[in-house]
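Biologist: I am new to reading protein models, and I would like to look at one part of this one slowly. Could you choose a spot where two elements pack together and walk me through it, then show me what lies around it?

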Amino acid sequence: MATEARGKKRSKSQYQSTAGGKRQRSGRELEVGMQGMLITCNMNQRKCTAEAYSLLNEYADQLYGPEKFAEDDGQSKSEGEESEDDVETALKKEVNQIYTSTARQLRRFQALESGANNVVFIRTLNIEPDKLVHHILKDLHTTKKKKTRAILRMLPVSGSCKAFMEEIPRYFETFMEPWFKAPKKATFQIVYKARNNSHMSRDNVIKALAGVVISLNPENKVDLNNPEYTIIVEIIKSVCCVSVVQDYILFRKYNLQEVAKSETEESRGTQPEPDRSRCVIEPREGKEAEIKSSGEEQETSVTDGRLANLEGWDRMG
């Protein structure tokens, strides 16, 4: 009887509730609508996160001033005056403070799960991700000071939407207007990468994005050598992250290690291995496109300098 009683203590519903609790990670992982930075690292995500906090706060202080905390000091003081609080009351007070801080999202930087290995997502609050990251890279490029070891690339995420073809073109139409809508015109390139996502087509995403940019102004042109803007599309699971950045080539694909190398280090370095994860779409005779790629995580660059007429892209399949 004792054995049966023990067995009945843990019902199936208890196991289900426990499993459900593990799946619920709301607010602790990358979600649609968030802004921030995707940061790749060299197998040490904990150190990468610590370096990211230090680096981002250092340069954010320069652009925006020191971080201000909007905690309710009056309440904490009134509670602190009760010197005879018992242990239970003190614990409840600490728990309430934690929940209050989380609910108000007081910190301007918060590390979240990105949904991919060796990638950290830092969510931002009241910060312009593209402006801050460009400021960091510009300083590293000028001073040639290496300030990180674990961080490799730092990519801003200025916008995000659901990674479905029904959603992406509609979102891009509004998102791209500040850079490409007439009378504004610019040269650009597109860089695409997908992680832990198998239902999205690279070709469809690129054609959708290219079509949006050209529809905003037919004078927008692709330039791989020295584009004014680089459109970065990063898809992780069901989230499509996008940003429009400057100096992508000058700042070595936003690689913090590479951009801080001196000319002497670059001259002494060996020739880098070809990027086998890179997928390049090359036009043939202006009408057809050829795709060269390998690997699951693929980065794509649009290379048709005559993209304005969209002839090659309409027929690409």
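Modeller: Happy to! Let us begin with a term: the axis of a helix is a line fitted to its C-alpha atoms, for helices over the stretch in contact, and the angle between two axes runs from 0 to 180 degrees between their N-to-C directions. Please also keep in mind that this is a predicted model.

Now to the spot itself. Helix H7 covers residues 168–175 and helix H9 covers residues 202–216; their axes come within 9 Å and cross at roughly 35°. The crossing of H7 and H9 is right-handed. Which residues meet there? On the H7 side they are Ile168, Pro169, Phe172 and Glu173, and on the H9 side Val205, Ala208, Leu209, Val212 and Leu216.

Let us zoom in on alanine 208, which sits in helix H9. Is alanine 208 buried or exposed? Its relative accessible area is 14%, and buried means under 20%, so alanine 208 counts as buried. If we set aside neighbours within four places in sequence, alanine 208 touches Met165 and Pro169. The partner methionine 165 is 43 residues away from alanine 208 in sequence, yet their C-alpha atoms are 8.4 Å apart in space. That fits a wider pattern: among contacts in the chain with a separation of 6 or more, 75% join residues 24 or more positions apart.

Next, some aromatic rings. Tyr171, Phe175 and Trp179 form one aromatic cluster; two of its members, Tyr171 and Phe175, fall within the range of H7, residues 168–175. Following the chain onward, we reach the loop between helix H8 (177–180) and strand S6 (187–195), where proline 183 lies. The peptide bond leading from alanine 182 into proline 183 is cis, with omega near 10°. This deserves a second look because most peptide bonds are trans.

Backbone surprises turn up elsewhere too. Asparagine 126, in the loop between strand S3 (119–124) and helix H6 (129–143), has a positive phi of about 60° although it is not a glycine. Asparagine 126 counts as exposed because its relative accessibility is 71%, and the cut-off for exposed is over 50%. Aspartate 247 also has a positive phi, near 60°, without being a glycine. Its place is the loop between strand S9 (239–245) and helix H10 (256–259), and at 32% relative accessibility aspartate 247 counts as partly exposed.

Just after aspartate 247 in the numbering comes tyrosine 248, which brings us back to rings. The whole structure holds six aromatic pairs. One of them joins tyrosine 248 and tyrosine 254, tilted at 35° between the planes and 5.9 Å centre to centre. Tyrosine 254 also pairs with phenylalanine 251, again tilted, at 6.3 Å and 50°. Tyrosine 248 and tyrosine 254 are both buried, and phenylalanine 251 is buried as well.

Finally, step back to the whole chain. Its secondary structure comes to twelve helices and twelve strands, and 40% of its 317 residues are buried. How sure is the predictor? The average pLDDT is 79, with 67% of the residues scoring at least 70. Residues 17–25 are below 50, and beyond near neighbours in sequence that stretch has one contact in the model. Residues 72–81 are below 50 too, with three such contacts. Where pLDDT is low, the predicted coordinates should not be read in detail.

Methods. Residues are numbered from 1 along each chain as its sequence is written. This is a predicted model: local features need pLDDT of at least 70, side-chain atom pairs count only at pLDDT 80 or more; totals for chains, interfaces and linings use all residues. Side-chain values use heavy atoms; hydrogens and water are left out. Helices (H or I, at least four residues) and strands (E, at least two) are DSSP runs, numbered from the N terminus. Buried means under 20% relative accessible area, exposed over 50%, partly exposed in between (1.4 Å probe, protein chains only). Contact means heavy atoms within 4.5 Å. Rings of Phe, Tyr and Trp (its six-membered ring) pair if their centres lie within 6.5 Å; planes under 30 degrees apart count as stacked, over 60 as edge-to-face and the rest as tilted. pLDDT is the predictor's confidence in each residue, from 0 to 100. A crossing is left-handed if the near helix is turned anticlockwise from the far one by less than a right angle, and right-handed if clockwise.
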